[in-house]
Amino acid sequence: MFDATIATRPITLAIMAMGGQGGGVLSDWIVHLAESNGYLAQATSVPGVAQRTGATIYYLELFPEAEAKRVGQAPVLALMPSPGDVDIVLAAEFMEAGRALERGLVTPERTTVIASSHRVYGITEKSAMGNGILYSGPVREQLQLHAQRIIEFDMEAMARHEGSVISAVLFGALAGSQALPFPREAFEQAIRDGGIGVAASLRAFDKSFLQALGAESYSEPSDSSPREEGAPPNAKVSEVDIMMAEVDSRFPKQARQVVREGVLRLIDYQDHAYASEYLELLQQRLVRIQQKEVDHAIVRELARHLALWMSYEDTIRVADLKIRRSRLERVRNEVKAEPEQIVYTAEFMHPRIEEVCDTLPVGLGRWVMRTGWVRRPLARVTQRGRRISPQRLRGFLLLMSVASLRRWRRRTLRYRDERQRIEAWLAAVDRALGISPDVTLEVIKAQELVKGYGDTHRRGFASYTTMMQGFENFGEEPDAAARLHQLRQAALADEKGEALEQHVGEWKPEMSTTTNTSRIAVKQL
């Protein structure tokens, strides 16, 4: 609730928002709201960088005009927030609330924090070799310790559901918090006076106001939009049901959900027969795992990583994802495009000569790679990337022609190489099962180093090779699991593999420099 004792000092607000979230609109609404209700208002904005997109701190100070007239002096309003002197922090993304906390803008005796619980991942989170997503728990705990009051829910989901933007939801939460001395009707009038997207903004405002007031509990609506991957677009329901029944009958309960997701992913990636191969490979290991009586976590991890490896990214997969209707719909939703508006995207494509040869039949691809007079001119043609728009006829037909090669994927050079690598990895898993569950988990998780395509795949596969050679060198020693874990963490620490080089110790593995390496040397059972 608004405290009348602050009337002799300005009401201070800091808005922490990123590009495209409407922070400027929210600031304008608050200024208009204040000035329409007898307050002097000043707003400034300081752009910055948030490792996601441009982040801006909007700072506002509101002072009652009647008080200024009573003392006969205009107030001196600050241009920047001061630590310990901010009444209200509005964060359009949860880690932005963390930034406000880090800057000292959140204090127990003064600050109301209104924050969206959703995340927009930073560049370092998205580009990490492994799972680089930061856990929000510590930030939430610190906010609970340092804020006088917290209002938090998924405002981005609410805005999306109401066809609005997050600024309207923040404005509604601000009104519902009653942290400002203005009635609800004044907030709504500020939106109407703004004249842009009024109906949608008012809908979002109403939902958010009730949520912040505690009169209504909001849960994110289920997403009925088609999934970009994992749900086969043309699969017959009966065929999928049969495969799911097979999963339920053959796999332990603790691993079924992961196996189901793997099946759906591989049907989407290739076909039902490919998903059946996946189940057969898993079943073969399941028998060995059950004989060892080890934890079902091994089954879950193996199911997850095998599905990921079998759905490796090649030019066919990339082209397929670029032209999916679900992807265009997601982009349109992100940019808030109206039904009558045309949206074009520019896809930067840079397939190297290696990716071109990987898409060819095995014999032809290898011949091109070893025949200099053919490879060199092709390499010159592909050395520069190009921008392709799937929404234009030429770009769409080009990508569609590559995506249509999926029916011949099993004949390609890349498919042959990846299957040999998968077989070698599974043989290493079989051997690790005879050593210990911890070593087995590390060998399974080594797969997460192999991802992407092009240079990313080459570097990741080189790190994977190093780790598997480490398994060969000391896999049966008592501290093997700990040492393999250290190698994996070092490989995930940086893209270039410099940290991994420092951890290999006395032995110097031969680092693979090509994605066409056909086999990792592992001891067979």
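This short talk covers one strand, one pocket, one cavity and one glutamate in the structure shown above.

Good morning, colleagues. Please bear in mind throughout that the model is predicted.

I begin with strand β1, which spans residues 11-18. Eight of its eight residues are buried, and the strand is thus described as mostly covered. Both faces of β1 are covered. On one side one finds Ile 11, Leu 13, Ile 15 and Ala 17, and on the other Thr 12, Ala 14, Met 16 and Met 18. Which strand pairs with β1 in the parallel sense? The partner is β4, residues 88-91, and four bridges link the two strands. At Leu 13, to take one position, the bridge partner in β4 is Ile 88.

I turn next to the second largest pocket. Its space amounts to about 500 Å³, and 20 residues line it. Nearest the centre of this pocket lie Thr 315, Pro 351, Val 356, Leu 398 and Val 402. Several elements each contribute at least two residues to the lining: the helices α14 (315-322), α16 (353-358), α18 (372-382) and α19 (393-403), together with strand β8 (386-388). By character, the lining of this pocket comprises 12 nonpolar residues, five polar and three charged.

The model also contains an enclosed space. The count gives one cavity of 30 Å³ or more. The largest cavity holds about 60 Å³. Which residues line the largest cavity? They are Asp 314, Thr 315, Ile 316, Glu 355, Asp 358, Thr 359, Thr 412 and Arg 414. Helices α14 and α16 each supply at least two residues of this lining. The cavity lining divides into four charged residues, three polar and one nonpolar. Thr 315 therefore deserves a second look on the screen, since an atom within 4 Å of a point makes a residue part of a lining: Thr 315 is listed for the cavity and also among the residues nearest the centre of the pocket.

Finally, I come to Glu 418, which is found in helix α20, residues 413-433. Is Glu 418 buried or exposed? Glu 418 counts as buried because its relative accessible area is 0%, and the limit for that term is under 20%. Its side chain makes a polar contact of 2.7 Å with the side chain of Trp 309. A further polar contact, at 2.8 Å, joins the side chains of Glu 418 and Arg 414; Arg 414 is also one of the residues lining the largest cavity. Leaving aside residues up to four places away in sequence, Glu 418 touches Trp 309, Tyr 312 and His 457.

Thank you for your attention.

Note on methods. Residues numbered from 1 in each chain as written. Predicted model: local features only at pLDDT ≥ 70, side-chain atom pairs only at ≥ 80, totals over all residues. Heavy atoms only, no water. Buried < 20%, exposed > 50% of the residue type's maximum accessible area, 1.4 Å probe, protein only. Pairing = 2+ DSSP bridges. 1 Å grid on protein atoms, 1.4 Å probe; cavity = no way out; pocket = protein on both sides within 12 Å on 5 of 7 lines; lining within 4 Å. Points joined across faces, edges and corners; volume = space filled by probe spheres on them. Nonpolar A, V, L, I, M, F, W, Y, C, P; charged D, E, K, R; others polar. Polar contact = N/O pair within 3.5 Å; in protein donor to acceptor, adjacent residues only side chain to side chain. Contact = heavy atoms within 4.5 Å.
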